[in-house]
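Let's take a walk through this model, starting with how its parts meet and ending with the space they leave open.

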Amino acid sequence: MVYKRPLVYFDNAATTQKPQIVIDAISEYYENYNSNIHRGVHYLSQQATDQFEQARKTIQHYINAKHSHEIIFTKGTTESINLVAQTFGMSFLNPGDEVLISEMEHHANIVPWKMICDLKRATLKVIPMNEVGELEFDQIERLITSKTKILAITHTSNVLGTINPIKKIIQIAHSKGVPVLVDGAQAVSHSKVDVQELDADFYAFSGHKMYAPMGIGVLYGKEEWLNKLPPYQGGGEMIGKVTFEEITYNELPFKFEAGTPNVEGVLGLEKAIQYIQSIGIEKIANYEQGLLNYLMDRMKEIPNIHYYGLSKEKVAVLSFNVGDIHPYDLGVILDQMGIAVRTGHHCAQPIMDKFNIPGTIRVSLALYNTKAEIDLFMDALKKAITMLE
Ligand code: PMP
């Protein structure tokens, strides 16, 4: 309940609500086997370590990675991308080289690359998109040159909902010898992701957008790439031997996991994945598509609406503005009516610049949303528009 009204939570692209089994898994860990991992010979430490490493395997199977040591735990997508941008950039970028991203990236897949490009005097190049929010596919081949060192691209846009043809994009990049990092933050909870089938070199995602706790995320990397990269952060766990003169580093995945990890987050993420698996990801995808179709149908009742992102392939994320109404004003009134939507630039200012707008209203749906909630949203939206016009 919010403001004594039933809450309609349509801000799932920002973060999802957590199922009880995820919350229970965290309590259970602290109640029964809270301990640091990989360090103690004592019972609790061994139990926590076993559960932690079991969770890594669950995640490995969920995205079909070849090895469990290709699963690196991070704080989230942002940290996963920073890890690759920094380590890859320090090792492989030279002045004059190019990094390719797209116009529909979240800031998390722009800023880390811009930072390392500036440091290494490399150039950031951008694949443009069209008016409906689809990448200009034929530009990709043209923009990959002999200087391109890596392509970093989103699987699914958090603003437009666009699902990019990521497998084809990876094929094009690989045919030119360019590795690909995929930002999967908005993809993993909506459709099957198979990193081997995609042939992704790196795949980044966050737990909290897939029913898991905050502060836990994953970087998948192909073994050969992870072995080629230097460590990211230094500290405990990521070392082999330390003297003041020389340091050797641990093997994968520990080389990239300095310090005490987020054990509760990892255990919660495992439970969230099991929750998704118990329903079935295809079933979730179909259900969410049904909700999106229903929403789009009902939105026809609203005149003067402008959509941002009407790609043929899209997840249940709908960004729009109504007439000249500022998205913030609409968002505030909807909130008072118990409807949680996102307003603003959604951490993707270049998309706002492209459409020359300050922001949008974004509805993003998840597996627990219903058509009845969409009806409540439609009533509230109509009332809010009448108040503002
Ligand atoms: N990429 C995309 C496409 C996202 O939607 C988000 C979160 N909004 C991120 C990256 C960053 O994720 P996090 O804040 O969990 O690191």
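**Where the domains meet**

Start at the seam: 17 residue pairs are in polar contact between domain 1 and domain 2, counting pairs with both residues at pLDDT 80 or more. Keep in mind that this is a predicted model. The domain assignment puts domain 1 at 20-278 and domain 2 at 280-388, and their C-alpha centres sit 29 Å apart.

Now look at how much of each domain takes part in the seam. On the domain 1 side, 31 residues make contact, and they meet 31 residues of domain 2. Together the two domains bury about 2500 Å² between them, with carbon and sulfur atoms giving 59% of that area. As for charge pairing, the rule picks out 2 salt bridges across the interface of domain 1 and domain 2. If you'd like a salt bridge to zoom in on, try glutamate 103 with lysine 354: their closest N and O atoms are 4.0 Å apart.

Next comes the open space. Where does the largest pocket lie relative to the two domains? Domain 1 and domain 2 both supply residues to its lining, so the pocket lies between them. The space in this largest pocket comes to about 320 Å³.

So what does the wall look like? There are 24 lining residues, and the ones nearest the pocket centre are Ala13, His106, Asn158, Gln186 and Lys209. Sorted by class, the lining of the largest pocket holds 13 polar, 6 nonpolar and 5 charged residues.

Definitions and conventions. Residues are numbered from 1 along each chain as its sequence is written. This is a predicted model: local features need pLDDT of at least 70, side-chain atom pairs count only at pLDDT 80 or more; totals for chains, interfaces and linings use all residues. Side-chain values use heavy atoms; hydrogens and water are left out. On a 1 Å grid over the protein atoms alone, a cavity is a set of points where a 1.4 Å probe fits but cannot get out, and a pocket is an open set with protein on both sides within 12 Å along at least five of seven lines; lining residues have an atom within 4 Å of a point. Grid points are joined across faces, edges and corners, and a volume is the space filled by probe spheres set on the points. Ala, Val, Leu, Ile, Met, Phe, Trp, Tyr, Cys and Pro count as nonpolar, Asp, Glu, Lys and Arg as charged, and the others, Gly among them, as polar. Domain bounds come from an automatic or database domain assignment. Contact means heavy atoms within 4.5 Å. Buried area is the accessible area (1.4 Å probe) that two parts lose on being put together, summed over both. A salt bridge is a side-chain nitrogen of Lys or Arg within 4 Å of a carboxyl oxygen of Asp or Glu. A polar contact is a pair of N or O atoms within 3.5 Å; within protein, one must be able to donate a hydrogen and the other to accept it, and residues adjacent in sequence count only if both atoms are side-chain atoms.
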